[in-house]
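Student: Hi! Could you walk me through a protein model? I'm new to this, so plain words please.

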Amino acid sequence: MEKNRLLYEEAVKYIPGGVNSPVRAFGSIGSCPRFIARADGSRLWDEEGKEYVDFIGSWGPMILGHNHPEVREQVTEAVERGLSFGAATAAEVEMAKLVCDMVPSVEMVRMVNSGTEAVMSAIRVARGYTGRDKIIKFTGCYHGHSDGLLVKAGSGVMMAGVPDSLGVPAGCTGDTLSARYNDLESVREHFVRCGEEIAAVIVEPVAANMGVVLPREGFLEGLREICDQYGALLIFDEVITGFRLCPAGAQGFFGVYPDLTTFGKIIGGGMPVGAYGGKREIMELVAPLGGVYQAGTLSGNPVAMAAGLSQLSILRDFPESYQKLNDTADDFFEGIRQRIASAGLSYQVNHIGSLGCIFFTDQEVSDYESAKTSDTGKYADYCNYMLEHGIYLAPAQFEAMFLSMAHTELQLMETLRVMEAYFV
Ligand SMILES: *Cc1c(COP(=O)(O)O)cnc(C)c1O
């Protein structure tokens, strides 16, 4: 009984906040983390034996569902051959070819161990290639926890980025300019002021770290145009969207192609993997070929490659499963919208394909400012209710819901039924 709480009490003695990543804390909903014992398909079981329908999917990676038999088999076979060699392997070659096949803008790719590393490295390459230092990021977009990207919401174009974390020297964020998501004018202003110093614009092509915020029509195209005009690189951070909306990621979905792309989450099939890639001419700058240094003892790890390769191969071989997933998700999120409306509420449901979220606000959410109008107290109450009823959601408002190909119609209907009971 109360095993989650007991584990949490132990955890906080030895681990800061009791968790190894802040998103796993349940503090913002005033609750105790569920300690997960195992997962299968779209279900999770916590240490108390309680079963949940999982709408986090390890924050994105588990698009095929947990414990997929083929992925498990490939990983088990890889484990038997050895955990790490620190040397080149055939699996890495296969992985690189597969990524380049699936994502046409990627002609060369380098494997790393996390999304954070992928973004940090891609930015270094963009700076190396352009010989410029400044980058533009959008407030509310998350690109991992490297120093230069932990920048406070910009409070004006003239301001250099201010660190958003203790321990980040001001010198590390001084070259990071903030712009407003879905606002091309806020990007243009930076370029007009110092366009010849800007190496790159980095963007989540669908923002999924301030809740889910869709790019307005023309926004991504506009970024492409501005970057071309000023000779800056466009970087799509597809750590969440890569292989999520279609085999070619958000860039394939919207038909707007960046110079560099970063991957994480799905690409590792549940193992710690990240990758960055893009045009050959740019990627040829990466060491040992070129002068941009980037390395990793465990990068391209054979067990991680086995997991990623088998998940990506399944996604490539059954592209029609995206259509089915996206259709199912359309119905599901529409179902949420209807239930909110029939309860006489006016909360926002943002979604695209299998990514979505509810904002507890009556304002349309198109950027960080409007996302912030959401009532997080209401989210906390809703989330705790859902958890009690066996629906596992992100324990914070500004995160996405992830559907997987393993969710069944029945589970989604049941989830809608629980939501309906909550909203009325
Ligand atoms: C999760 C995420 C990252 C960071 O990836 P980690 O593997 O957690 O380091 C970077 N960018 C985006 C868009 C993400 O969602």
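Tutor: Happy to: this is a predicted model, and we'll go through its strands, a few unusual backbone spots and its charged side chains.

Student: Cool, strands then. How many bridges join β4 and β10, and in which sense do they pair?

Tutor: Strand β4, residues 108-112, pairs with β10 in the antiparallel sense over five bridges. Within that pairing, Met-111 stands opposite Ala-275 of β10.

Student: And what about β9 and β10?

Tutor: Strand β9 covers residues 260-263 and pairs with β10 over four bridges, in the antiparallel sense. Here Thr-262 stands opposite Tyr-276 in β10.

Student: Is β10 buried or exposed?

Tutor: Buried. Five of the five residues of β10, which spans 274-278, are buried, so the strand is largely enclosed by the rest of the structure.

Student: Which way do the residues of β10 point?

Tutor: Gly-274, Tyr-276 and Gly-278 point one way, while Ala-275 and Gly-277 point the other way, and all of them are buried. There is a general pattern behind that: in a regular strand the side chains alternate between the two faces of the sheet.

Student: Which residues of β9 sit on each side?

Tutor: Leu-260 and Thr-262 are on one side of β9, with Thr-261 and Phe-263 on the other, and all are buried, so both faces are covered. Strand β9 also has a parallel partner: three bridges join it to β8, residues 233-237. In that pair, Phe-236 stands opposite Thr-261.

Student: New topic! What's the strand order in the open sheet of four strands?

Tutor: The order is β1-β2-β3-β13, and the pairing is mixed. The edge strands are β1 (36-40) and β13 (391-392); each has a single partner strand, so one side of each is left without a neighbour in the sheet.

Student: How does β13 connect to β3?

Tutor: Two bridges join β13 to β3, residues 51-54, and the two strands run parallel. One bridge pairs Asp-54 with Tyr-392 in β13.

Student: You mentioned unusual backbone spots. What should I know first?

Tutor: Here is the background: most residues other than glycine have a negative phi, and most peptide bonds are trans.

Student: Okay, so what is phi for Ser-58?

Tutor: It is near 60°, a positive value in a residue other than glycine. Ser-58 is in the loop between β3 and α2. With 40% relative accessibility, Ser-58 counts as partly exposed.

Student: And Asn-182, what's its phi?

Tutor: About 70°, so positive, although Asn-182 is not a glycine. You'll find Asn-182 in the loop between β6 (176-179) and α6 (184-194). Asn-182 counts as buried, at 10% relative accessibility.

Student: Which peptide bond is cis?

Tutor: The one from Ala-287 to Pro-288 is cis, with omega near 10°. Pro-288 lies in the loop between α9 (280-283) and α10 (302-317).

Student: Now charges. How many salt bridges does the count come to?

Tutor: The count comes to 16 salt bridges. One of them is between Glu-47 and Lys-3, whose side chains meet at 3.4 Å, N to O. This pair links distant parts of the chain: Glu-47 is in the loop between β2 (43-46) and β3, while Lys-3 is in helix α1 (residues 3-14), 44 residues apart.

Student: Are those two buried, or partly exposed?

Tutor: Glu-47 is partly exposed, with a relative accessible area of 33%. Lys-3 counts as partly exposed too, at 38% relative accessibility.

Student: What does Arg-188 form a salt bridge with?

Tutor: Glu-185 is the partner, and the closest N and O atoms are 3.1 Å apart. Both residues lie in helix α6, three residues apart, which is about one turn of the helix. There is also a network elsewhere: salt bridges that share partners join Arg-224, Asp-228, Asp-259 and Lys-279.

Student: Last one: which residues form the negative surface patch?

Tutor: Glu-70, Glu-73, Glu-77 and Glu-80 form that patch. Glu-73 is in helix α2, residues 69-81. At 47% relative accessibility, Glu-73 counts as partly exposed.

Technical notes: Residues are numbered from 1 along each chain as its sequence is written. This is a predicted model: local features need pLDDT of at least 70, side-chain atom pairs count only at pLDDT 80 or more; totals for chains, interfaces and linings use all residues. Side-chain values use heavy atoms; hydrogens and water are left out. Patches are made of residues with over 30% relative accessible area and no salt bridge: like charges are joined within 9 Å, nonpolar side chains (Val, Leu, Ile, Met, Phe, Trp, Tyr) within 5 Å. Accessible areas come from the Shrake-Rupley method with a 1.4 Å probe; for residues, only the protein chains shown count as cover. A salt bridge is a side-chain nitrogen of Lys or Arg within 4 Å of a carboxyl oxygen of Asp or Glu. Lys and Arg count as positive and Asp and Glu as negative; His and the chain ends are not counted. The place of a charge is taken as NZ of Lys, CZ of Arg, CG of Asp or CD of Glu. Buried means under 20% relative accessible area, exposed over 50%, partly exposed in between (1.4 Å probe, protein chains only). Two strands pair if DSSP finds at least two bridges between them.
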